[in-house]
Amino acid sequence: MSTNIIALLPEHVANQIAAGEVVQRPASVVKELLENAIDAGATHIKLIIKDAGKTLIQVIDNGKGMSPFDARMCFERHATSKINKTDDLFSLTTKGFRGEALASIAAVAQIELKTKQEADIVGQQIVIEGGKFLSQSECQTPTGTSFTVKNLFFNITARRSFLKNDQIEQKHIIDDFERVALPHCDIHFTFISNGNEILNLPAGNLMQRIKLLYGNYMQKDLVTIGEDTPFLKIGGYVSLPSAAVKTKKDQFIFINNRFIRNAFLNHAVYSAYKDLISFQSHPKYFLFLELDPKYIDINIHPTKTEVKFTDEKTIYMLLLSVVKRALGKANAAPSIDFETEMSMNNTLPSSEKFFSQPKVSHNPDYNPFKNAGSFTSGESGLQKINKQNWENLFDGFKQTNLPETITTEPEQQTIESVKREAIDFSVFQLHLKYIVTTYNNSVFIIDQQRAHERIVYEHYLNTKVESKIASQQLLFPEQLELSFNDFGLIQNLKEEFKLLGFDIEEFGKNSIVVNGTPSDLQDFNVATTIEGILETFKLNTIDAKIEKHDNLCRAIAKNICIKYGKFLEEQEMKLMVNHLLQCENPLYTANGRPVIMEVELNEIERFFKK
Ligand code: ADP
Ligand code: MG
């Protein structure tokens, strides 16, 4: 006799399986709930999380709310108000459409939904746990919807234990939050984590939103792009070549306000920067493409960040040319440019050329901040070293000719003349904070702390295994008690620290001994500096995806650089300016803060015409 063994999966099992696809981590829940709120027409959306969303995720919106029937219905799989026939798939204007997010989330968490439509007097409250419907009742609640998701994966221990630590999970949430909030700048977003408001983004324009999310300095780095064809609209911002950074970050492409990943389109953008930025550096971009949904197939990935187009090549070419044109225009505008006369017939932005070339002839044995790190030592022998180094720096080009011959041999002469020019400037210190100097009809005001931070950062960043920073043994090794977290971090960064000249040993539970420090650093408090470095490192991991070595270099630079309030000798200032100019990117600190301000002669003249 034959036996039947095939049975349909019980609904809650099917939902749990589907949940595996839709809900990978707390951030996935956040994304789905935020998108639902947008689809519901909300103008204010509040996100509240606890413990990186592991214990609580709540999204409150003032959108159109749900009827009592819909409130119950929305948790059914394939329940959606957004499409009802296949054709609708090709004209989608909403974020969701599969109708499986809420069913999936409800299958793996404890949910409370409160919702009310404008016309109703009372709202509905629904409680569901692990896909089991527990109750529906009337409640007082404002128009809109509040979704509370507690204890994600409470019923799937294995999934819960796969979650990363809070810092990482929160970072995912921030990423997803940003991707949703950026294109919807007409919606007010609030983000509260463990009781602290970490973001408050009032409705505004795109630039205001970018500045709130990524810092005010961003505006200076960005140029507007725009193109309007019947097939495709492109808008947004791309960064100036001079603002290129070592790490890939702040790169966004949105299609019809949905964040997408598409290697092909990224390639188009990078192609526009070809020859403008060095091969290891990266532009920032915020690109908004709009095209008729019928040309897009977003249905290939459950979380829908991968996208396919029917006419990829055309989009590629359009994007490339739009970005190129924007950069070309921006290039014509004045920027810091120390060698205008020499670079007239050069297609590169001249600042790029200027800032990368002097490296060619710089003395590799010379250490820029051996002395700088020890400015505190006042009258000791250090001043003498300073002077020597300062002289070393300019050895070999003291007799360089004046720039009459430049046009004949541009390549070589440019380097020499720039360096020669670099000796001639006069400097003074303003307010124990800025170095002021003039060059080529401009006044340059240099932030001493940021300048030194940039110099130290690049010096450490370029350290390789073959050329590690020498460590100098401390006469009295220092023992440090650390928090459990910091101790873990130090263990994790042990090799990196070693490369940079820190000789650190574990010493029992949560404590370390520092035996040696980089020999090019002097006179600093070991304990506070290491603590500061760890703090900065942690902050950076929350703010941005920065690679370990890079992050540590940033943290070191930030913590050991010369601070404001430090008196600088004339030679020290000259040394600093020269070293700054030899940096690959002297214009900004690693975290993108401006280092140099330029006041052009014509601005000065304009002022006095009044
Ligand atoms: P989808 O968004 O793909 O339609 P979901 O499972 O995310 O599927 O949501 C199911 C349905 O529940 C939506 O189509 C919508 O009608 C309703 N809904 C979900 N969230 C909200 C909300 N915040 N406000 C109003 N309606 C909502
Ligand atoms: Mg949805």
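## The nonpolar cores

The largest nonpolar core of this chain has 62 residues, and those with the most contacts inside it are L47, F75, F189 and F286. Helix α2, which spans residues 26-39, gives the largest share of this core, namely seven residues. The core also reaches across a domain boundary, since at least three of its residues come from each of domain 1 (11-204) and domain 2 (213-353). A second core, separate from this one, holds 33 residues and includes I253, A268, I315 and V323. The whole description rests on a predicted model.

One of the residues with the most contacts in the largest core, F189, can be followed in more detail. If its neighbours within four places in sequence are left aside, F189 is in contact with L34, I38, I45, F177, V180, A181, H184, L199, N200, L201 and R209.

## The open sheet and helix α9

Five strands form an open sheet with mixed pairing, and their order across the sheet is β9-β10-β13-β11-β12. Strands β9 (222-228) and β12 (258-260) are the edge strands, each of them pairing on one side only. From one strand to the next, the twist averages 20°.

Within this sheet, strand β10 (residues 232-239) and strand β13 (residues 285-291) run antiparallel and are joined by seven bridges. Looking at a single position, one finds V238 opposite Y285 in β13. Helix α9, made of residues 263-272, packs on the sheet, where it touches β11 (251-255), β12 and β13, and the direction of the helix makes about 125° with that of β13.

## The two sides of helix α15

Helix α15 covers residues 484-492, and among its residues D486, F487, L489 and I490 are buried. Why can these buried residues be said to line one face of the helix? Seen down the axis of α15, they fall within an arc of 160°, so they line one face of the helix. On the other side of α15, by contrast, F484 and N485 are exposed, where exposed stands for over 50% relative accessible area and buried for under 20%.

## The chain as a whole

The chain contains 20 helices and 22 strands. Of its 610 residues, 51% are buried. When contacts between residues at least 6 apart in sequence are considered, 69% of them join residues that are at least 24 apart.

Methods. Residues are numbered from 1 along each chain as its sequence is written. Chains are lettered from A and ligands numbered from 1 in the order in which they are written. This is a predicted model: local features need pLDDT of at least 70, side-chain atom pairs count only at pLDDT 80 or more; totals for chains, interfaces and linings use all residues. Side-chain values use heavy atoms; hydrogens and water are left out. A nonpolar core is a set of buried Ala, Val, Leu, Ile, Met, Phe, Trp, Tyr and Cys residues joined through side-chain atoms within 4.5 Å. Buried means under 20% relative accessible area, exposed over 50%, partly exposed in between (1.4 Å probe, protein chains only). Helices (H or I, at least four residues) and strands (E, at least two) are DSSP runs, numbered from the N terminus. Domain bounds come from an automatic or database domain assignment. Contact means heavy atoms within 4.5 Å. The arc is that of the directions from the helix axis to the C-beta atoms. Two strands pair if DSSP finds at least two bridges between them. Axes are lines fitted to C-alpha atoms, for helices over the stretch in contact, and angles run from 0 to 180 degrees between N-to-C directions.
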